[in-house]
Amino acid sequence: MNEKHDLKVEQLENYLEGKTIALCVTGGIAAIETPKIARHLRRYGAVVKAYVTPNALKFIGEASLEWATEKNVVCNLSGLAEHICLEDLVLVAPATLNTINKIMYGIADNTVTSLVASALGSKIPVYFAPCMHGSLYNNPFFQENLKKVDQYGIKIIEPRFSEGKAKIATVNTIVSSIINHYNPEVVLK
Ligand SMILES: Cc1cc2nc3c(=O)[nH]c(=O)nc-3n(C[C@H](O)[C@H](O)[C@H](O)COP(=O)(O)O)c2cc1C
């Protein structure tokens, strides 16, 4: 048996074959969902690379994301110029209020905000899957920024509202949204 067998995923369909996806993880509780998101994207053929903010690492370990993506995780910017986006699509999940607001003000001060800045400048599609307490979701700066995402071509994967929170969309909804970017006709079960 291949010694890396543990890292493999079952191939379901090839909707994302040939696509590379930057999975950008920020510091929200829903970061614990990201290994599942990475592996589910891979089941449809995507190659996934994880980028994390320093705060994301309070919620999810580097090893879990490395295992889930079968790739090294970008935790810091270095001379390898990890801030230049080379992937086909960027998915920020979970997307915190802090990271969304920073991106919308053009700030590029860590792995995730820099990568998104580069993606937007290269017209690479960017998706945000927000997740936060209701009080943060209703924050006026955040609401103003949400209204503007369209004009920059950024897509929002709508959160689920319950228990006073804007909870991250389900893994299936997030993966469906990415698949639908390339295959609008596909309906995932
Ligand atoms: C237990 C805990 C849970 C948090 N959950 C969220 C969250 O779901 N969404 C959010 O926007 N911020 C959340 N925060 C606050 C962020 O971690 C904080 O704003 C941080 O600066 C985000 O950094 P980043 O966007 O660079 O990752 C949480 C903080 C703590 C301590």
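In the predicted model, Glu163 is found in the loop that joins strand E7 (160-162) to strand E8 (165-167). The residue has a positive phi of about 55° although it is not a glycine. Glu163 counts as exposed, because 8 C-beta neighbours lie inside 10 Å and the cut-off for exposure is 12 or fewer.

A positive phi is also seen at Glu70, where the value is near 65° in a residue other than glycine. Glu70 is placed in the loop between helix H2 (62-69) and E3. With 17 other C-beta atoms within 10 Å, Glu70 is partly exposed. A further positive phi, near 60°, belongs to Lys123, which follows H4.

The protein chain as a whole contains seven helices and eight strands. Its radius of gyration is 16 Å, close to the 16 Å given by the globule rule for 189 residues, so the chain is as compact as a globular protein of that length. Along the principal axes, the C-alpha atoms occupy a box of roughly 55 × 40 × 30 Å. Of the 189 residues in the chain, 41% are buried. Among contacts with a separation of 6 or more, 78% are between residues 24 or more positions apart.

Helix H4 spans residues 111-121 and has buried residues at Thr111, Val112, Thr113, Ser114, Leu115, Val116 and Ala119. The cover over these buried residues includes four strands and a helix that can be listed by position: strand E1 (20-25), strand E2 (47-52), strand E3 (89-95), helix H3 (97-104) and strand E4 (126-130).

Strand E3, one of the elements that cover H4, is also where Pro94 is placed. The peptide bond leading from Ala93 to Pro94 is cis, and its omega is near -10°.

Helix H3, which likewise takes part in covering the buried residues of H4, gives the most to the shell around the ligand, contributing three residues. There are 15 residues around the ligand, of which Gly27, Gly28, Asn55, Thr96 and Met132 come nearest. By residue class, the shell consists of seven nonpolar and eight polar residues, with no charged residue.

How values were computed
Residues are numbered from 1 along each chain as its sequence is written. This is a predicted model: local features need pLDDT of at least 70, side-chain atom pairs count only at pLDDT 80 or more; totals for chains, interfaces and linings use all residues. A residue is buried if 20 or more other C-beta atoms lie within 10 Å of its own, exposed if 12 or fewer, and partly exposed in between; C-beta atoms are placed from the backbone. Helices (H or I, at least four residues) and strands (E, at least two) are DSSP runs, numbered from the N terminus. Two residues are in contact if their C-beta atoms, placed from the backbone, lie within 7 Å. The radius of gyration is taken over C-alpha atoms; the globule rule is 2.2 Å times the number of residues to the power 0.38. A residue is near a molecule or strand if its C-beta atom, placed from the backbone, lies within 6 Å of it. Ala, Val, Leu, Ile, Met, Phe, Trp, Tyr, Cys and Pro count as nonpolar, Asp, Glu, Lys and Arg as charged, and the others, Gly among them, as polar.
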